[in-house]
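Biologist: Could you walk me through this one, label by label? I would like to hear what stands behind each word you use.

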Amino acid sequence: MKSICYSSRGQTVFGYAHVPQTRGKAPAILMCHGFTGCAQEGSRLFVRFAEQACRLGFYVMRIDFLGSGNSELDFATYTTPSGWIEDAKNGIRFLKEQPEVDPDRIAILGVSLGGFTALMTGAETDVAAVVGWAPVLNPAKTFRGILTENNWDYLLAGNRTIEYIYCGNHFAVGSKFVQDLERMSVTESLKRYRDIPVLIMQGSSDAVIDPQDSVKLKQSGVFPFQHVMVEGEEHSFLLHEKSNFSTTLDFLRRALLAV
């Protein structure tokens, strides 16, 4: 594992690269953490996945979005959906420039808001596969539930910031965050997708994301993707980690190693 950094939004994104011991150029995975998360994610979930994927021959890069993790920037200022998409797009560009990476075999994977970011980024840049673990698919509904209706409407008015605690996490969030989410649609982004494989995994016991959001998206037929409902899994994606990793890596092997 080595530290990496690249430029985005006029600042520096920090992260970590797990480089496989393989000959030739390797397929790569960009990992996107969730809201208030970081490059390692809860209980080092991302670290364990990256290590396992690296052993299978994948170059894996875990990043801290600007304002999160090792970034010294203000969370409320830099934590915006459009900003995260920009950070992810620049991460894809960075990966394409790495001598160990095959630029035609890059996937993006994210959890929760990072899953939303992965799906939105996949519609705007050249990637070979996309994975969402418990992705935010109905952003306005989800974050109205997290922030409460009153706080959402207060922030939506513009040029405001609030301090908030959710599930033990203390954070500040600004108006740009909710304004972005109010206008963004995963469904509309998926309509712009090319013929690339997409995996969406959702826990049936998720208390943050409504499990029916992914079911309804699948039923809409807007884009053909692989949908996996993980029975008993929660938002953390830790309860069935072994099988979650296995399902994801099987998908990525088919998507990237066959190219």
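**Reading the labels**

Modeller: Gladly, and let's start with helix α3: twelve of its 17 residues are buried, so α3 is largely enclosed by the rest of the structure. Keep in mind that this is a predicted model.

Biologist: Which residues of α3 are the buried ones?

Modeller: They are Pro 81, Gly 83, Trp 84, Ile 85, Asp 87, Ala 88, Lys 89, Asn 90, Gly 91, Ile 92, Phe 94 and Leu 95. Each of them has earned the word by falling under 20% relative accessible area.

Biologist: How do you know what span to expect for α3, and what does the helix reach?

Modeller: The expected span is 1.5 Å times one less than the number of residues, and for α3, residues 81-97, that gives 24 Å. From its first C-alpha to its last α3 reaches 25 Å, close to the expected value.

Biologist: What makes α4 count as largely enclosed?

Modeller: Ten of the ten residues of α4 are buried, so the label fits. Among them are Gly 115, Ala 118, Leu 119 and Gly 122.

Biologist: How do α3 and α4 cross, left-handed or right-handed?

Modeller: Their crossing is right-handed. The two axes come within 9 Å and cross at roughly 65°. On the α3 side the contact is made by Pro 81, Trp 84, Ile 85, Ala 88 and Lys 89, and α4 brings Leu 113, Gly 114, Phe 116, Thr 117, Met 120 and Thr 121.

Biologist: How many residues of each class does that contact have?

Modeller: Seven are nonpolar, three polar and one charged. Gly counts as polar here, and Gly 114 is part of the contact.

Biologist: What makes a set of residues a nonpolar core, and which residues have the most contacts inside the largest one?

Modeller: The members must be buried nonpolar residues joined through side-chain atoms within 4.5 Å. The largest such core has 59 residues, and those with the most contacts inside it are Leu 30, Leu 113, Leu 119, Val 130, Phe 143, Leu 147 and Tyr 193. Its largest share, six residues, comes from α3. Another core, of 27 residues, lies apart from it and includes Phe 49 and Leu 252.

Biologist: Which residues does Leu 113 touch, beyond those up to four places away in sequence?

Modeller: Leu 113 touches His 33, Gly 34, Phe 35, Trp 84, Val 136, Phe 143, Phe 177 and Leu 181.

Biologist: Why is Ser 7 called exposed or buried?

Modeller: Exposed means over 50%, and Ser 7, at 53% relative accessibility, therefore counts as exposed. Ser 7 sits in strand β1, with its C-alpha 8.7 Å from that of Gly 91, although 84 residues separate the two in sequence.

Biologist: And what is Thr 36 called: buried, exposed or partly exposed?

Modeller: Thr 36 has a relative accessible area of 30%, so it is partly exposed. Thr 36 lies in the loop between β3 and α1, and its phi is near 65°, a positive value in a residue other than glycine.

Biologist: Why mention the sign of phi?

Modeller: Because most residues other than glycine have a negative phi. Phe 237 also has a positive phi, of about 60°. This residue is in the loop between β10 and α10 and is buried, with a relative accessible area of 1%.

Biologist: What about Glu 231, buried or exposed?

Modeller: Its relative accessible area is 58%, so Glu 231 is exposed. Glu 231 lies in the loop between β10 and α10 and, leaving aside neighbours within four places in sequence, is in contact with Ser 204 and His 240.

Terms used
Residues are numbered from 1 along each chain as its sequence is written. This is a predicted model: local features need pLDDT of at least 70, side-chain atom pairs count only at pLDDT 80 or more; totals for chains, interfaces and linings use all residues. Side-chain values use heavy atoms; hydrogens and water are left out. Helices (H or I, at least four residues) and strands (E, at least two) are DSSP runs, numbered from the N terminus. Buried means under 20% relative accessible area, exposed over 50%, partly exposed in between (1.4 Å probe, protein chains only). Axes are lines fitted to C-alpha atoms, for helices over the stretch in contact, and angles run from 0 to 180 degrees between N-to-C directions. A crossing is left-handed if the near helix is turned anticlockwise from the far one by less than a right angle, and right-handed if clockwise. Contact means heavy atoms within 4.5 Å.
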